[in-house]
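Reader: I am new to this structure. Could you walk me through how to read it?
Author: Gladly. Take a look at it, and then we begin.

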Amino acid sequence: RGKLATSSSAQGSKKQKKVHSLPMDWDLKKAVHFQSKFPFDCFTTGFHLAPELAHQAMRSFTSGNRRSRDANQMFLQSLYTWALPLNSLEIHGSSPMEDANNLVAEGVAGAAVEMKRLHDEQRARRFRCFREGLRDLVYALYAGLCSCFYVVPPPGSPDAFVCLFQAAGVQGCAGPSATVTSSTEGMLRLMREEFGLTPAEAREAAGPGPKRAKGKIAEKLKLDGSAGNKGRVHFVGREQVHGLFDFLATTCGSIYHKNQDAPTLLSPVPFVGAGVKRYTGVYRKKKLLKNKHEAGLETFTLSFECRGSGQYLPPWVVDRLCSTFRRTQHSFSITSEQGVEVGGLSAAEEAAVGAATVEPAAESAESRGDCYGGGFWDTEEGDKWEQPGGGLQRMTCEKGVFYL
């Protein structure tokens with residue numbers, strides 16, 4: 001399962017990878033569009049299901065059961081994730097702090113002071129919940145009860161870095177690991193000097209040597225996060241991952257995301273303070289007519305979009321939707337809009353982090369049992385999470401086979 005082959009395209013000018021099990025794409029998406037010549041019956045049927053059946057799908061997700069064999073239940077189960085917070089402090093595009101400043105400008109100083117006090121109290125509570133949820137997820141990661149989770153910046157924050165934490169075994173890494181996007185020189189300097197953090201690329205370049213030399217290597221990275229993946233760095237091992245946890249718990253709300261809402265935590269498993277978030281799709285039917293005398297060709301499009309700032313589709317939702325439609329649709333195509341490029345290592349990054357990675361044990365998939373434990377639903381999903389992932393923005397599926 002999952003072995004790659006090649007097949008010629010219709011024009012014969014390009015070869016495509018053919019795979020029965022779709023590789024995991026760890027990038028966060030802003031939108032995913034599914035298009036098919038056949039109706040997405042599992043979506044339309046959901047509107048006519050008895051309320052208890054829709055509730056059953058949510059209960060199956062929250063209890064960590066295996067994916068259902070029923071197509072309608074499988075689709076509904078795929079739409080959920082655990083998140084904290086579920087909503088933002090922003091109202092109609094403005095924050096309470098901006099509203100308070102507007103009141104000061106209008107001469108209503110007393111109301112502005114009271115609004116700012118209430119905002120600060122609410123913000124402090126939300127950051128306290130964020131730190132509790134982050135701590136719970138990190139220790140679940142160490143215990144093998146959580147395979148991965150994201151830390152996403154709040155809407156409107158000038159600090160755009162995203163963190164992906166992954167447990168041992170995910171993407172073939174021997175121990176827990178973490179990736180930070182859009183890092184800056186100032187952030188790396190703070191990580192190094194105050195929290196003892198050194199990116200895996202820097203440690204590999206340094207080779208064996210005294211610990212004091214790590215800082216000099218980190219300075220040579222010169223990462224500014226201004227374009228592409230220049231600001232993406234990796235941390236490998238429990239000591240480094242825990243250092244990143246300390247960094248986030250200490251600096252978020254004071255140095256980073258100052259006067260902003262708390263960051264969002266996204267996870268496939270429950271954690272302290274989390275709620276269940278459900279993604280909704282938009283269904284469209286379009287008929288293509290060559291001329292008015294022909295019946296035309298119908299196409300059906302199902303789109304899932306997160307247009308708000310700081311909102312994304314996590315990879316387990318996208319992957320489960322793809323797996324569902326592989327079973328229910330005769331053929332379909334997928335296009336996605338990139339949100340944040342997080343997962344998947346380049347050749348140079350794989351070489352740098354390679355010293356800390358190993359191939360996953362072959363027998364691990366058989367010993368997982370029927371419950372997902374770390375977030376995956378079954379052995380097929382668990383196998384995919386263990387393999388190195390990559391960005392997948394466009395692909396097709398024909399008779400259960402994906403063409404990449």
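Author: Start with one cut-off: a residue counts as buried when its relative accessible area is under 20%. Keep in mind that this is a predicted model.

Reader: Which residues of helix 6 are buried?
Author: Met187, Leu188, Leu190, Met191 and Arg192 are the buried residues of helix 6. Just after helix 6 comes Gly196. Its phi is positive, near 65°.

Reader: What lies on the other side, between strand 7 and helix 6?
Author: A loop, and Thr184 sits in it. Strand 7 covers 177–180, and helix 6 covers 185–195. The side chain of Thr184 reaches the backbone nitrogen of Met187 at 3.1 Å. Met187 is one of the buried residues of helix 6.

Reader: Is Thr184 buried, exposed or partly exposed?
Author: Exposed means over 50% relative accessible area, and partly exposed falls between the two cut-offs. Thr184 has 33%, so it is partly exposed.

Reader: Which residue, 47 residues apart from Thr184 along the chain, should I look for?
Author: Gly231. The C-alpha atoms of Thr184 and Gly231 are separated by 6.4 Å.

Reader: How do I read a sheet?
Author: Strands of a sheet pair through backbone hydrogen bonds, either parallel or antiparallel. Here, an open sheet of 7 strands has the order 8-7-6-5-9-4-10. Its pairing is antiparallel. Strand 8 (233–236) and strand 10 (275–278) are the edges, each pairing on one side only. From one strand to the next, the twist averages 25°.

Reader: How many bridges join strand 4 and strand 10?
Author: Strand 4, residues 80–84, pairs with strand 10 over 4 bridges, in the antiparallel sense. To find your place, look at Tyr80: it stands opposite Arg278 in strand 10.

Reader: What should I expect of side chains along a strand?
Author: In a regular strand the side chains alternate between the two faces of the sheet. Strand 14, residues 394–398, shows this alternation. Met395 and Cys397 point to one face and are buried. Arg394, Thr396 and Glu398 point to the other face and are not buried.

Reader: Which strands are joined to strand 14?
Author: Strand 13 is joined to strand 14 by 5 bridges, and the two run antiparallel. Thr335 has Arg394 as its bridge partner in strand 14. Strand 15, residues 401–403, is joined to strand 14 by 3 bridges, also antiparallel. There, Thr396 stands opposite Tyr403.

Reader: What about backbone angles?
Author: Most residues other than glycine have a negative phi, and most peptide bonds are trans. Now look for the exceptions. The hairpin of strand 14 and strand 15 has 2 residues between the strands. In that hairpin Lys399 takes a positive phi near 50°. Lys399 is exposed, with a relative accessible area of 66%.

Reader: What is the phi of Gln171?
Author: Near 55°, a positive value in a residue other than glycine. Gln171 lies in the loop between strand 6 (163–166) and strand 7. Its relative accessibility is 15%, so Gln171 counts as buried.

Reader: Where is there a cis peptide bond?
Author: Go from Leu84 to Pro85: that bond is cis, with omega near -10°. Pro85 is placed in the loop between strand 4 and helix 4 (96–105).

Reader: How do I read a cavity?
Author: Think of a space where a 1.4 Å probe fits but cannot get out. Then ask for its volume and its lining. The count here is 2 cavities of 30 Å³ or more. The largest has a volume of about 140 Å³. Its lining has 16 residues, and Asp25, Lys29, Val318, Cys322 and Leu392 lie nearest the centre. Helix 10 supplies the largest share, 4 residues. By type, the lining divides into 10 nonpolar, 2 polar and 4 charged residues.

Reader: And which residues line the second largest cavity?
Author: Among them are His20, Ser21, Leu22, Ser323 and Phe402. Its volume is about 30 Å³. Helix 10 gives the most to this lining too, with 3 residues. This lining divides into 2 nonpolar, 3 polar and 4 charged residues.

Reader: Is Ser36 in strand 3 buried or exposed?
Author: Ser36 has a relative accessible area of 4%, so it is buried. Its side chain reaches the backbone oxygen of Ser331 at 2.7 Å.

Terms used
Residues are numbered from 1 along each chain as its sequence is written. This is a predicted model: local features need pLDDT of at least 70, side-chain atom pairs count only at pLDDT 80 or more; totals for chains, interfaces and linings use all residues. Side-chain values use heavy atoms; hydrogens and water are left out. Buried means under 20% relative accessible area, exposed over 50%, partly exposed in between (1.4 Å probe, protein chains only). A polar contact is a pair of N or O atoms within 3.5 Å; within protein, one must be able to donate a hydrogen and the other to accept it, and residues adjacent in sequence count only if both atoms are side-chain atoms. On a 1 Å grid over the protein atoms alone, a cavity is a set of points where a 1.4 Å probe fits but cannot get out, and a pocket is an open set with protein on both sides within 12 Å along at least five of seven lines; lining residues have an atom within 4 Å of a point. Grid points are joined across faces, edges and corners, and a volume is the space filled by probe spheres set on the points. Ala, Val, Leu, Ile, Met, Phe, Trp, Tyr, Cys and Pro count as nonpolar, Asp, Glu, Lys and Arg as charged, and the others, Gly among them, as polar. Two strands pair if DSSP finds at least two bridges between them. Axes are lines fitted to C-alpha atoms, for helices over the stretch in contact, and angles run from 0 to 180 degrees between N-to-C directions.
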